[in-house]
Amino acid sequence: MSCQILTFRRRGATRHLDAVVGVSQRILDIHTGLGLFTQTPLKIVIRNASTADVGSEETAMLDGTVTFGFIGRLTEEKGIYNLVRAIATIPPERIRLVIAGHASESQRKQIKGLAPNARIEFLGFVQPKEFYEQVNVVVVPSVWEDPSPLVVADAQAACKPLLGTPFGGIQEAIKPGLTGWLTSPDPDSIAKSISAIVEAPQQIVEMSGRLKSGINKWAFDDVVTGYRNVYDQLMRGRGMPRA
């Protein structure tokens with residue numbers, strides 16, 4: 001009820017818009033399904049793009065160890081605890097988890113307690129490139145409709161395959177079997193997906209190569225072009241000259 005009251009005026013205001021942009025089709029569909037932007041003539045998706053220095057070098061798998069990485073907020077909705085519970089069930093000999101982002105002492109103890117035998121390294125706040133240079137696969141285990149996480153764009157710019165959950169804009173950015181994998185968000189499903197990746201590490205190399213060659217490449221210039229195209233369509237619709 002409080003949410004309905006808060007958004008009452010906003011919902012009505014969407015009737016006066018000429019265009020709406022969603023950072024993913026899923027997030028746009030959720031809003032239109034709830035009755036927002038239903039009368040907006042132009043609805044378009046323009047995904048987020050990476051603007052960070054993330055590098056693009058392949059990370060070696062020393063001694064057959066596959067390094068999985070998580071970067072972002074260590075919160076329940078981001079799925080970090082499900083990921084750690086999954087890691088706890090996998091023999092630690094061939095797997096390592098690197099976590100980047102602020103982690104309080106209590107969070108570190110909680111995570112270590114969930115997976116006491118796992119090889120987990122906390123990097124804290126680091127430059128994105130420092131994180132991506134250390135990992136082979138980036139995990140985005142969100143348990144909610146994450147609209148379009150920047151980590152997805154950054155990982156692809158860094159040519160790192162993604163293991164993600166089928167929510168929000170995550171599923172739209174991953175081409176399963178080509179640039180990454182999709183998994184259900186529960187610990188058992190994540191563990192099975194990670195185990196399958198570890199058993200076939202060559203696919204990591206192949207996916208990194210595809211990303212480096214430009215498959216699914218989406219740069220900030222594409223975002224700018226997308227918004228310019230929206231403005232151009234609106235101006236043409238009003239018989240106005242292009243800027």
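Start by selecting V138, a buried residue with a relative accessible area of 0%. The model on screen is predicted. V138 is part of strand β6, which spans residues 137–140.

Next, show what surrounds this side chain. Setting aside neighbours within four places in sequence, V138 contacts G69, F131, Y132, V151, A155, K160, P161, L162 and L163. Pick P161 from that list and draw a distance between the C-alpha atoms: P161 and V138 are 23 residues apart along the chain, and the separation is 6.3 Å.

From P161, step back along the chain to C159. This residue sits in the loop that runs between α6 (150–157) and β7 (162–164). Is C159 buried or exposed? C159 has a relative accessible area of 4%, so it counts as buried, the cut-off being under 20%. Check the backbone here as well: phi of C159 is near 65°, a positive value in a residue that is not glycine.

A second residue with positive phi is worth selecting for comparison. D63, also not a glycine, has phi near 55°. Its place is the loop between β2 (42–45) and β3 (66–71). The relative accessibility of D63 is 79%, so this residue is exposed, the cut-off being over 50%.

Now turn to the largest pocket. Its space comes to about 380 Å³. To centre the view, select F70, I71, G72, R73 and A100, which are the closest to the pocket centre among its 22 lining residues. Colouring by element helps next: β3, β6 and α6 each give two or more residues to the lining. Which classes of residue make up this lining? Nonpolar residues number 12, polar residues 7 and charged residues 3.

The last stop is a pair of helices. Select α3 (residues 80–88) together with α4 (residues 105–114). Their axes lie 8 Å apart, and the helices pack at an angle of about 35°. Show side chains at the contact: on α3 these belong to I80, Y81, V84, R85 and A88, and on α4 to Q107, Q110, I111 and L114. By class, the residues of this contact are 6 nonpolar, 2 polar and 1 charged.

To finish, keep three selections saved: V138 in strand β6, the lining of the largest pocket with its 22 residues, and the contact between α3 and α4.

Key
Residues are numbered from 1 along each chain as its sequence is written. This is a predicted model: local features need pLDDT of at least 70, side-chain atom pairs count only at pLDDT 80 or more; totals for chains, interfaces and linings use all residues. Side-chain values use heavy atoms; hydrogens and water are left out. Helices (H or I, at least four residues) and strands (E, at least two) are DSSP runs, numbered from the N terminus. Buried means under 20% relative accessible area, exposed over 50%, partly exposed in between (1.4 Å probe, protein chains only). On a 1 Å grid over the protein atoms alone, a cavity is a set of points where a 1.4 Å probe fits but cannot get out, and a pocket is an open set with protein on both sides within 12 Å along at least five of seven lines; lining residues have an atom within 4 Å of a point. Grid points are joined across faces, edges and corners, and a volume is the space filled by probe spheres set on the points. Ala, Val, Leu, Ile, Met, Phe, Trp, Tyr, Cys and Pro count as nonpolar, Asp, Glu, Lys and Arg as charged, and the others, Gly among them, as polar. Contact means heavy atoms within 4.5 Å. Axes are lines fitted to C-alpha atoms, for helices over the stretch in contact, and angles run from 0 to 180 degrees between N-to-C directions.
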